[in-house]
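Please explain how this protein chain is put together, from its overall make-up to its core, its loops and the surroundings of its ligand.

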Amino acid sequence: MLVATLFYRGLTATNNFSYILSVSYNHLGVNIAMAILEVLHFPDPRLRNKAILVEEIGPDIKEIAENMLVTMYSENGIGLAATQVNIQKRIVVIDLSEEKNEPLILINPEITKLEGSESMREGCLSVPDYYDIVERAENIEYCHKTLENKLVTTNADGLLAVCIQHEIDHLDGKLFIDYLSPLKRQRLKKKIDKQEKVQQNLL
Ligand code: K1U
Ligand code: ZN
């Protein structure tokens, strides 16, 4: 496995993967690996990077999106932003379906209208084992490019609207815990510092 990992590291668009899932060949005879990527955890400073617009939707972007989907499913998430896997490109994947077979891939997503407000309990793959209530817009209009380079404008409400706002925040270097009160953030920081100390003692 290590040999395969080192071999494919130079060939894939996403080189920060943890596991190779499958290997195939494209029409040029080049190896393409589907990979589970490493998800960054708070307080990793790379989560504060601001992602940049995707200029051209080529095979590299398709490979990133595919790897992000595989990573999101393997982590039991309903969304994932490229920033969370240390890729500074404006790419988001979401799947709210029960069967995990209705993936949404949003390239350069942007919110164009915000309406109303609702409070919902949120989690984050970058802040494991912590959930809290966040107030966000209830209805949104948003636009994005598809992998086929089509510009789409659409509306969302409920969990989808919350998830899109959460993921676009990631692309701008923002985390849901930034919305919490200073006291709650302080408690969370203490909890994480304690977990880090325990882990360091275990190493
Ligand atoms: O961006 C992420 O970290 C993914 C995050 C998305 C999200 C969840 C809930 C509200 C807003 C955004 C997750 O998927 S965390 C996992 C989780 O909380 C969850 C998983 C399955 C169903 C519902 C929530
Ligand atoms: Zn998150």
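Of the 203 residues in the protein chain of this predicted model, buried residues make up 29%. The chain holds 4 helices and 9 strands, and read from the N terminus their order is α-β-β-α-β-β-β-β-β-β-β-α-α. Among the contacts with a separation of 6 or more, 57% are between residues 24 or more positions apart.

The nonpolar core comes next. The largest nonpolar core has 35 residues, and Met68, Ala82, Ile91 and Val93 touch the most other members. Two or more residues of this core come from each of E2, H2, E3, strand E4 (91-94), strand E5 (104-115), strand E8 (139-145) and H3. The element that gives the most is H3, with 6 residues.

Strand E4 supplies two of the residues just named, Ile91 and Val93. From E4, Ile91 and Val93 point one way, Val92 and Ile94 point the other way, and all are buried. On one side of the pairing pattern, E4 joins E3 in the antiparallel sense over 3 bridges, where Gly79 stands opposite Ile94. E4 also pairs with E5 in the antiparallel sense, over 4 bridges, and there Val92 stands opposite Leu106.

What is Val93 in contact with, leaving aside its neighbours within four places in sequence? The list consists of Ala65, Met68, Leu69, Met72, Gly79, Leu80, Pro103, Leu104 and Ile105. Of these, Ala65, Met68 and Met72 are also among the buried residues of H2.

Helix H2 (59-74) can be checked for its length. At 1.5 Å a residue, its 16 residues should span 22 Å, and the end C-alpha atoms are 23 Å apart, so the two values agree. The buried residues of H2 are Ile61, Ile64, Ala65, Glu66, Asn67, Met68, Val70, Thr71 and Met72. An α-helix has 3.6 residues a turn, so residues three or four places apart point the same way. In H2, the buried set includes Ile61, Ile64, Ala65 and Met68.

The loops at the two ends of H2 each have a backbone feature. In the loop between strand E2 (31-37) and H2 lies Pro43, and a cis peptide bond with omega of about 10° joins Phe42 to Pro43. Just after H2, Asn76 takes a positive phi of about 60°, a positive value in a residue other than glycine. Asn76 is found in the loop between H2 and E3. Is Asn76 buried or exposed? Asn76 counts as exposed because it has 9 C-beta neighbours inside 10 Å, and a residue is exposed if that count is 12 or fewer.

The loop between strand E6 (118-122) and strand E7 (132-136) holds Asp129, whose phi is likewise near 60°, a positive value in a residue other than glycine. With 8 other C-beta atoms within 10 Å, Asp129 is exposed. Pro128 is found in that loop between E6 and E7 as well. Pro128 has 13 other C-beta atoms within 10 Å and is therefore partly exposed. The C-alpha atom of Pro128 is separated by 9.8 Å from that of Ile192, a residue 64 positions away along the chain.

Ile192 falls within helix H4 (residues 182-202). At 1.5 Å a residue, the 21 residues of H4 should span 30 Å, and the end C-alpha atoms are 30 Å apart, which agrees. How many of the residues of H4 are buried? The count is 0 among its 21 residues, so H4 is hardly covered.

The last topic is the ligand. Ligand 1 is surrounded by 16 residues, and the closest are Gly77, Gly123, Cys124, Leu125 and His166. Strand E3 (79-81) and helix H3 (158-171) are the elements that give two or more residues to this shell. The largest share, 5 residues, comes from H3. H3 is also the element that gives the most to the largest nonpolar core, with 6 residues. By class, the shell around ligand 1 has 7 nonpolar, 7 polar and 2 charged residues.

Note on methods: Residues numbered from 1 in each chain as written. Chains lettered and ligands numbered in written order. Predicted model: local features only at pLDDT ≥ 70, side-chain atom pairs only at ≥ 80, totals over all residues. Near = placed C-beta within 6 Å. Nonpolar A, V, L, I, M, F, W, Y, C, P; charged D, E, K, R; others polar. Buried ≥ 20, exposed ≤ 12 C-beta atoms within 10 Å, placed from the backbone. Contact = placed C-beta atoms within 7 Å. Core = buried A, V, L, I, M, F, W, Y, C linked by C-beta atoms within 7 Å. Pairing = 2+ DSSP bridges. Expected span 1.5 Å × (residues − 1).
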